[in-house]
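This briefing concerns selected helix packing and side-chain contacts in one protein chain. Please consult the sequence and the structure alongside the text.

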Amino acid sequence: MSEQQSHLPGRIMAAEMAEQPAVLQRILDLGAPRIREVAAQIGARAPRFVLLTARGTSDNAALYAKYLVEVLLGKPAGLTSMSTTTAYGARPDLRDVLVVTVSQSGGSPDLIASTRAAREAGAITLAVTNNAASPLAEVSEFHVDVLAGPEKALPATKTYTAELLALYLFVAGLRGESGAAAEGLPRLAAEVLARQAEVRALAERYRFAQRLVITSRGYGYPTAREAALKLMETSYIPATPFSGADLLHGPLAMVDNVSPVIAIVPDGKGGEALQPVLDRLRGRGADLVVIGQQEQVDAASAGFALPPGVPEELQPVLEILPLQQLAYEVTIARGQDPDAPRALAKVTETH
């Protein structure tokens with residue numbers, strides 16, 4: 001590679017997005033046995049509910065896991081507020097509670113401190129990271145490595161989809177299942193990523209956007225949040241994610257015929273629940289772009305059709321791929337470098 005090529009804007013992010021099919025296959029081939037083993041050990045202790053702890057991109061993966069736990073396991077799950085422990089010194093009774101901490105680096109002090117406190121309070125602690133030698137992995141009773149390999153771009157891409165798949169396999173393991181439904185994901189991910197030219201055409205719609213609204217429901221809502229984060233941290237466009245239900249409770253008023261809206265429409269119950277929202281958006285003349293099945297794309301201003309036949313709980317692994325590419329393409333079109341967003345560091349040390 002020439003020196004000029006090595007400095008092309010977005011080169012690192014593009015390479016890491018392209019690695020995702022291989023990363024997903026690595027998890028299925030090498031990571032799944034360990035994930036099943038951890039799930040069996042934790043399942044034998046019958047935790048009564050699950051708390052999930054994370055920041056940034058990993059927080060969106062944790063939200064996805066919350067849906068998995070509540071829908072597939074039938075157990076209550078919640079996202080923790082770390083400051084209650086790290087700033088206020090609260091020490092709740094966490095006996096028989098599973099605390100899952102999700103972190104790409106495993107190095108943020110508040111994640112480490114809150115996980116240590118949870119273990120001292122009686123919790124079963126599981127760290128899901130991309131760094132088996134991290135401080136977070138060391139303080140947790142159990143650890144799952146998402147096997148994504150070093151991630152050099154500041155915007156996290158391959159670690160996010162790796163976290164999603166690892167968390168899915170873990171919940172499947174708690175149900176005593178192998179997670180075989182995920183076996184086709186690497187191939188489908190490669191097919192989706194190969195359609196980047198379609199995404200590049202979509203990016204022209206948002207090159208000069210002043211703001212974006214992103215919406216979904218159910219399993220698609222974490223995707224909406226992650227897509228908004230990627231767009232904001234790379235292109236600096238204010239992108240606001242809403243649950244479709246919340247969008248109807250007031251924020252819909254800010255949508256008009258010049259307001260771009262991206263809707264992630266799951267193929268399943270989440271998509272069904274989102275239909276009244278899509279109808280209202282069309283009624284307001286919104287510039288509506290849909291990420292979903294072909295029939296939903298055909299009824300919108302534009303969109304990206306996802307492969308059919310994927311279980312709804314696995315669709316987030318594919319939904320985010322064209323949205324990662326969209327963030328990349330919009331950023332490039334605006335003359336910025338998605339590899340080096342301003343004011344960001346790879347490991348964010350919050351306390």
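Two residues are taken to be in contact when heavy atoms of theirs lie within 4.5 Å. The model is a predicted one. The points below cover the pairing of helices H3 and H9, the buried face of helix H2, and the surroundings of Arg195 and Asn60.

**Pairing of H3 and H9**
- Gln20, Pro21, Leu24, Gln25 and Leu28 of H3 are in contact with Leu185, Pro186, Ala189, Ala190 and Leu193 of H9.
- Sorted by class, this contact comprises eight nonpolar residues, two polar residues and no charged residues.
- The axes of H3 and H9 lie 8 Å apart, and the packing angle is about 175°.
- Angles over 145 degrees count as roughly antiparallel, and H3 and H9 are therefore roughly antiparallel to each other.

**The buried face of H2**
- Helix H2 spans residues 11–18, and Met13, Glu16 and Met17 are buried in this helix.
- Viewed down the axis of H2, the buried residues fall within an arc of 105°, so they line one face of the helix.
- These buried residues of H2 pack against several helices, namely H3 (20–43), H8 (158–174), H9 (185–193), H11 (221–235) and H15 (315–333).

**Arg195, between H9 and H10**
- Arg195 belongs to the loop that connects H9 with helix H10 (196–203).
- With a relative accessible area of 23%, Arg195 is partly exposed, because buried means under 20% and exposed means over 50%.
- When neighbours within four places in sequence are set aside, Arg195 is in contact with Phe304 and Ala305.
- For Ala305, the backbone oxygen is reached by the side chain of Arg195 at 2.8 Å.
- Arg195 and Pro322 are 127 residues apart along the chain, and their C-alpha atoms are separated by 8.4 Å.

**Asn60, in H4**
- Asn60 is located in helix H4, which comprises residues 56–73.
- The relative accessibility of Asn60 is 3%, so this residue counts as buried.
- Setting aside neighbours within four places in sequence, Asn60 is in contact with Tyr160, Pro222, Arg225, Glu226 and Leu229.
- The side chains of Asn60 and Arg225 are joined by a polar contact of 3.1 Å.

Definitions and conventions. Residues numbered from 1 in each chain as written. Predicted model: local features only at pLDDT ≥ 70, side-chain atom pairs only at ≥ 80, totals over all residues. Heavy atoms only, no water. Buried < 20%, exposed > 50% of the residue type's maximum accessible area, 1.4 Å probe, protein only. Helix = DSSP H or I, 4+ residues; strand = E, 2+ residues; numbered from the N terminus. Arc of directions from axis to C-beta. Axes fitted to C-alpha atoms, helices over the stretch in contact; angles between N-to-C directions. Parallel < 35°, antiparallel > 145°, perpendicular 65-115°, else oblique. Nonpolar A, V, L, I, M, F, W, Y, C, P; charged D, E, K, R; others polar. Polar contact = N/O pair within 3.5 Å; in protein donor to acceptor, adjacent residues only side chain to side chain.
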